[in-house]
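Here are a few short exercises to work through with the model open in your viewer. Try each task before reading its solution.

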Amino acid sequence: MTNVTETKPTGDAAGVDAAMEADIIQKGLTAPRVTKESIDAIMAAVDYHTYVVPGTTTTVAVAMIHGFTLCQEITACVDAKNFDEELGRKYAIEKAAAVARDKLWELEGYTLKFGCVSLPDIARVAHEINRAYCEAMGDMSQEEWSQAPAWQRDSAINGVNFHLMNPDADAGLSHINWMAEKKADGWVYGETKDPEAKTHPCMVPFNQLPIEQQAKDFLFRAVVHALK
């Protein structure tokens, strides 16, 4: 008989994912797998829509990604005197997020097993093509995906998500989306790219970019549409 160590569930889905990831790394398990990082990246793109069922204390939260419904969860109280709409929405979303996270592990596992392409994988390919393009122009500053800083990977994932949600968006709109993300993070125009100072020479309207910089947006869009 195999000895099994009994453990109690913590109820913290993200915490369990982190602990599992640490154990896998410690044991040196290197076969292809779904990672916590990839799930976190996809979860960042999940939208939550909530509504209160009229005449009840029931709040419904729907977790969706790219128009696909992952799950629907509810909260409710027995006595209407205890009903608080803000708390109802908050905890309905938390419940939906936990279930959506578990569903994504299953869906991403299926994707990996049967050769489909996930959102983080599309972002990785787009990043590597951009890196190769930059090197062809003599810019050797780009790191490969696994070594790229988190903000750069997140930016690529955001760009992929934008095109998946807006399939008719052209390269110019892709640049506008990129600039909006940068501005929200405190980046401004600068003659040189400096992640520490958050300056970037491409923080200008699309039609003011050099043609070789515009090409990056065309390439990015083409990669997303080819792999989606």
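**Exercise 1. A strand with two neighbours**

Task: Work out how strand β1 (residues 47-52) is joined to β2, and in which sense the two run.

Solution: Start by counting bridges. Six of them join β1 to β2, and the two strands run antiparallel. Keep in mind that you are looking at a predicted model. To fix the register, pick one pair: aspartate 47 has methionine 64 of β2 as its bridge partner. Next, look at the hairpin of β1 and β2, with six residues between the strands; there, glycine 55 takes a positive phi near 75°.

Task: Now find how β2 and strand β3 (residues 68-75) pair, and over how many bridges.

Solution: Count again: seven bridges link β2 and β3, in the antiparallel sense. For the register, valine 62 finds its bridge partner in glutamine 72 of β3. Then check the hairpin of β2 and β3, which has two residues between the strands. Here histidine 66 takes a positive phi near 55°.

Task: Is strand β2 (residues 59-65) mostly covered or mostly uncovered?

Solution: Take a residue as buried when its relative accessible area is under 20%. By that cut-off, six of the seven residues of β2 are buried, and the strand is mostly covered.

**Exercise 2. Two helices that cross**

Task: Describe how the axes of helix α5 (residues 150-165) and helix α6 (residues 171-184) are placed.

Solution: Two numbers come first, as packed helices are described by the angle between their axes and the distance between the axes. The axes of α5 and α6 come within 10 Å and cross at roughly 140°. An angle has to be over 145 degrees to count as roughly antiparallel. The helices α5 and α6 are therefore oblique to each other. As for handedness, α5 passes α6 in a right-handed crossing.

The contact can then be listed residue by residue. From α5 come Trp151, Asp154, Ser155, Asn158, Gly159, Phe162 and His163. From α6 come Leu173, Ser174, Asn177, Trp178, Glu181 and Lys182. Sorted by class, this contact of α5 with α6 has four nonpolar, six polar and three charged residues.

**Exercise 3. The whole chain**

Task: How many helices and strands does the protein chain have, and what pattern does it follow along the sequence?

Solution: The protein chain has seven helices and five strands. Reading along the sequence gives α-α-β-β-β-α-α-α-α-β-β-α. For overall extent, the C-alpha trace spans about 65 × 55 × 35 Å along its principal axes. Finally, buried residues make up 34% of the 228 residues in the protein chain.

Methods:
Residues numbered from 1 in each chain as written. Predicted model: local features only at pLDDT ≥ 70, side-chain atom pairs only at ≥ 80, totals over all residues. Heavy atoms only, no water. Axes fitted to C-alpha atoms, helices over the stretch in contact; angles between N-to-C directions. Helix = DSSP H or I, 4+ residues; strand = E, 2+ residues; numbered from the N terminus. Parallel < 35°, antiparallel > 145°, perpendicular 65-115°, else oblique. Left-handed = near helix turned anticlockwise from the far one by under 90°. Contact = heavy atoms within 4.5 Å. Nonpolar A, V, L, I, M, F, W, Y, C, P; charged D, E, K, R; others polar. Buried < 20%, exposed > 50% of the residue type's maximum accessible area, 1.4 Å probe, protein only. Pairing = 2+ DSSP bridges.
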